[in-house]
Amino acid sequence: MSGQGSTRPSALWHGFADMGAVQRDGAFVFARGDGAYVYDTTGNRYLDATAGLWFANVGHGRAEVADAVRDQLLKVAHVTGFGDAATDTTVALAERLRDIAPVPDSKIFFTSGGSDSVDSAIKLARRYWQEKGKPTKKLIVGRSNAYHGMHVGGTSLGGIPVNAEGYGGVLFDDTATVAWDDAKELLGLIERVGADAIAAFVAEPVIGAGGLLPPPDGYLREVREICREHDVLFIADEVITGFGRIGGAWFASSRFDLQPDLMTTAKGLTSGYVPMGALFVAPNVAEPFFAGGVWWRHGYTYGGHAAAAAASMAVLDIMERENLVAEALRLQDTLLRELAPLADHPKVKQVRGGVGAVAGVQLNEPAEAMAMVKKLRAQGVSGRAAGLGTLQYSPALITTDEQVAEIAAATRRALDA
């Protein structure tokens with residue numbers, strides 16, 4: 001659909017898109033959302049199988065969140081978070097996040113989104129080692145298939161090569177990549193280059209955009225111990241898994257007892273109602289900067305935006321009242337149960353899930369994934385293709401078992417088509 005019936009090409013440049021194809025075929029334009037559903041501009045209804053872009057944990061159209069933002073805007077939308085300034089709502093949110101942090105007494109640094117959080121973590125890791133008198137510790141290590149946002153640092157660190165192509169070379173030096181599923185590769189890298197060269201290792205507890213890849217049994221525990229034993233900071237990228245999506249805990253770092261030195265978050269923090277991210281900083285990393293006299297010269301104009309903080313407070317209220325952290329565990333099981341039978345379809349290579357309210361159906365022919373997304377729409381489901389030719393499933397945490405079954409049935413019909 002081209003949007004509003006206009007024959008003039010749209011001025012909007014979409015992210016991650018073949019804009020020639022979008023201009024030729026038209027855009028898929030949403031007009032509203034309600035719970036687990038979204039609607040296009042002609043009124044067609046779709047089950048939102050991906051919760052937007054992994055974020056709509058409490059579902060669409062929650063008046064309680066909108067009212068909280070409106071009330072805050074009428075008081076003060078934002079002023080600044082630089083120096084000694086802050087708004088009272090932002091301070092209250094930081095205190096609330098500290099209480100659910102996987103590492104007790106963590107400090108909370110607010111950003112405008114996940115990419116901000118990742119680049120902030122990279123900068124802080126390197127800055128930390130400067131303060132600790134170890135300036136050679138600069139290398140940031142990521143994993144194959146990993147996605148860490150699209151700022152300069154995250155683009156260079158990510159393990160999806162196509163995302164870093166076409167820029168004339170490496171955007172950010174001092175990064176390295178190891179296999180996503182082999183802790184021994186990380187250990188081997190440390191032994192080759194020396195721990196004194198490595199600042200941090202970054203890991204998504206469940207790889208998301210790179211193909212919906214749950215961690216192998218024991219992997220997260222092993223890489224965490226390797227980092228601890230070799231004095232390498234461990235950064236958990238929980239932009240996707242954080243704020244309940246992992247199921248059974250607020251964060252994967254809590255569920256798997258990772259005790260990260262730094263933890264990046266966004267998405268579920270506000271359930272996508274307004275942009276916001278947060279970097280959780282463990283006390284050992286924060287200490288040099290809170291002892292006095294040391295500045296971390298870094299920040300964002302809209303970091304800790306008061307209206308975003310109000311949205312987050314309302315979302316956390318809903319999460320607690322409706323027990324959505326536990327509901328994510330229900331969805332973990334339901335997604336795998338309903339989607340697993342698709343593994344027998346001739347177009348399907350593998351079905352993955354079982355770790356949080358996320359699952360993936362990998363096609364035998366990755367090039368067919370984008371076309372499958374459109375076929376899903378024809379069956380009343382709004383979906384998305386991730387890496388490795390994988391169809392992404394990460395519905396809102398309010399999604400019912402019956403709605404998941406409907407999504408799975410629609411996927412089979414789309415595969416048959």
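**A tour from the core to glutamine 350**

Start by selecting Leu97, Val141, Phe201, Phe243, Phe280, Leu339 and Tyr393: of the 82 residues in the largest nonpolar core, these touch the most other members. A nonpolar core is a set of buried Ala, Val, Leu, Ile, Met, Phe, Trp, Tyr and Cys residues joined through side-chain atoms within 4.5 Å. Buried means under 20% relative accessible area, exposed over 50%, and partly exposed in between (1.4 Å probe, protein chains only).

This is a predicted model, in which local features need pLDDT of at least 70 and side-chain atom pairs count only at pLDDT 80 or more, while totals for chains, interfaces and linings use all residues. Residues are numbered from 1 along each chain as its sequence is written, and side-chain values use heavy atoms, with hydrogens and water left out.

Next, select residues 306-321, helix 11, which gives the most to this core, with 9 residues. Helices (H or I, at least four residues) and strands (E, at least two) are DSSP runs, numbered from the N terminus.

Now colour domain 1 (19-61 + 323-416) and domain 2 (64-322); both give residues to the core, so it lies between them. The domain bounds come from an automatic or database domain assignment.

A second, separate core has 21 residues, including Ala125, Ile235, Val285 and Phe289.

Finally, go to glutamine 350, in strand 11 (residues 348-352). Glutamine 350 is partly exposed, at 38% relative accessible area. Leaving out residues up to four places away in sequence, glutamine 350 touches Gly360, Val361 and Gln362; contact means heavy atoms within 4.5 Å.
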